[in-house]
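Reader: Hello! I am new to this structure and would love a close look at one part of it. Could you pick a part, walk me through it slowly, and then show me what else is worth finding?

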Amino acid sequence: MKRLFKSVYICTAAALLCTSCLTVYAKKIVDPPYVPKEDAYADAGEQEKRFYVYYSAKTKPVIDGNFSEWNGLEGVHTRRVIYGGSFNPKNTDGFFTTRADNEFLYLYADITDDEPQENQFPAPQAWRDDSIEFFFGTDTSRHTSYKTTDHRIRIVPQSKKNKFVYDAGVDDVSMKENIKAAVVYSEHGYKVEAAIPFSLLGITKLKIGQPVRGDFQINDADNGKERSRLVLWNSVKDNPYADASVWGNGIVAALP
């Protein structure tokens with residue numbers, strides 16, 4: 001009888017100990033975006049600390065689909081997958097950089113997309129298919145609601161045959177007549193360059209050394225369907241369109 005009691009006691013104690021171990025070593029819940037180590041790509045790397053707006057009053061890029069004026073400029077990579085799986089550089093990746101003179105803000109994007117699509121949605125709804133977005137503001141005070149100089153710019157690629165067929169919008173209003181852009185497709189993605197007038201952005205002038213704020217976004221659709229993947233540079237949630245405080249830091253620098 002004593003042996004039976006002793007066996008029961010040992011089993012009970014062991015069960016309690018195992019329960020305790022499960023409690024102590026339980027996996028913590030990780031907020032998105034979460035990329036398992038076994039699925040992470042080494043070149044996702046650490047995000048750049050800030051982006052540059054390269055300023056020159058005399059030298060400006062020609063928006064013609066020849067992207068040589070952008071060679072050698074530093075930029076940022078959009079590699080925070082907000083939804084649509086883990087980061088895969090062969091599926092969706094992006095390099096962005098910006099320039100400015102005294103009249104225009106210029107945007108360049110080199111997008112890797114394993115299935116680049118023509119986007120037939122008008123600019124206000126074009127987030128539903130392949131497109132890029134650029135968030136920019138000159139008010140660096142901490143704020144969530146957009147100030148008068150905070151804006152969302154969307155460039156919409158629409159034709160693989162004609163690089164000047166596109167749509168463009170500012171703050172979900174079509175501004176194609178005011179924004180000049182060129183889009184060149186390839187088998188593995190597309191490149192974009194665009195010129196956005198200061199007059200659309202509430203900007204009068206930028207100067208070297210001036211801090212700015214912004215973010216960069218890729219909307220990626222596959223299989224002839226609507227957006228299935230959302231990738232950002234700085235924000236960790238799908239909210240830069242509503243909350244300017246999640247944007248990253250930038251600075252106006254002299255064009256090399």
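Author: Let's begin with how much of the chain is covered: buried residues make up 46% of its 256 residues. Please keep in mind that this is a predicted model. The chain has 14 strands and one helix. Its exposed area is about 13800 Å², and carbon and sulfur atoms supply 55% of that. Of the contacts between residues at least 6 apart in sequence, 67% join residues at least 24 apart.

The part I would pick is strand S6, which covers residues 131-137. Seven of its seven residues are buried. Try following the directions of its residues: Ser 131, Glu 133, Phe 135 and Gly 137 point one way, while Ile 132, Phe 134 and Phe 136 point the other way. Both sets are buried.

Now for the strands beside S6. Strand S12, residues 211-221, runs antiparallel to S6 and is joined to it by seven bridges. Strand S7, residues 151-157, is also antiparallel to S6, with five bridges between the two. Phe 135 is a good place to see both pairings. Its bridge partner in S12 is Asp 215, and its bridge partner in S7 is Arg 152.

Let's follow the first of those partners. Asp 215, in strand S12, is buried yet has no salt bridge. The nearest side chain of opposite charge belongs to Arg 80, 7.2 Å away. A salt bridge here needs a side-chain nitrogen of Lys or Arg within 4 Å of a carboxyl oxygen of Asp or Glu, so a pair beyond that cut-off is not counted. A polar atom of the Asp 215 side chain does lie 3.5 Å from the backbone nitrogen of Trp 233. Leaving out residues up to four places away in sequence, Asp 215 touches a group that includes Glu 133, Phe 134 and Phe 135 of S6. Also among the residues it touches are Leu 232, Trp 233, Asn 234, Pro 240 and Trp 247.

The charged residues are a nice next stop. The count of salt bridges comes to eleven. One of them joins the side chains of Lys 60 and Asp 101, at 3.3 Å from N to O. Lys 60 is in the loop between strands S1 and S2, and Asp 101 is in the loop between S4 and S5, so this pair ties together parts that are 41 residues apart in sequence. Lys 60 has 39% relative accessibility and therefore counts as partly exposed. Asp 101, with a relative accessible area of 1%, is buried.

Another salt bridge links the side chains of Arg 229 and Asp 222, again with an N to O distance of 3.3 Å. Both Arg 229 and Asp 222 are buried. Back at our strand, Glu 133 belongs to one network with Arg 152, Arg 154 and Asp 172, joined by salt bridges that share partners. A further salt bridge, between Lys 147 and Asp 139, has an N to O distance of 3.2 Å. Lys 147 is partly exposed at 35% relative accessible area, and Asp 139 counts as partly exposed at 22%.

The pair of Arg 229 and Asp 222 also leads us to Asn 91, which touches both of them. Asn 91 sits in the loop between S3 and S4 and, at 15% relative accessibility, counts as buried. Its side chain makes a polar contact of 3.2 Å with the side chain of Thr 92. Other residues touched by Asn 91 include Thr 112, Asp 113, Asp 114 and Asp 220.

Pro 89 lies in that loop between S3 and S4 too. With 16% relative accessibility, Pro 89 counts as buried. Pro 89 and Arg 79 are ten residues apart in sequence, and their C-alpha atoms are 8.4 Å apart in space.

One last stop is Val 183, in strand S10, residues 180-186. Val 183 counts as buried, at 2% relative accessibility. Its C-alpha atom is separated by 8.3 Å from that of Gln 158, 25 residues away along the chain. Setting aside neighbours within four places in sequence, Val 183 is in contact with Pro 157, Lys 163, Tyr 166, Tyr 190, Lys 191 and Val 192.

Methods: Residues numbered from 1 in each chain as written. Predicted model: local features only at pLDDT ≥ 70, side-chain atom pairs only at ≥ 80, totals over all residues. Heavy atoms only, no water. Buried < 20%, exposed > 50% of the residue type's maximum accessible area, 1.4 Å probe, protein only. Helix = DSSP H or I, 4+ residues; strand = E, 2+ residues; numbered from the N terminus. Pairing = 2+ DSSP bridges. Polar contact = N/O pair within 3.5 Å; in protein donor to acceptor, adjacent residues only side chain to side chain. Contact = heavy atoms within 4.5 Å. Lys, Arg positive; Asp, Glu negative; His and termini not counted. Areas by Shrake-Rupley, 256 points an atom, 1.4 Å probe, with all protein chains shown as cover.
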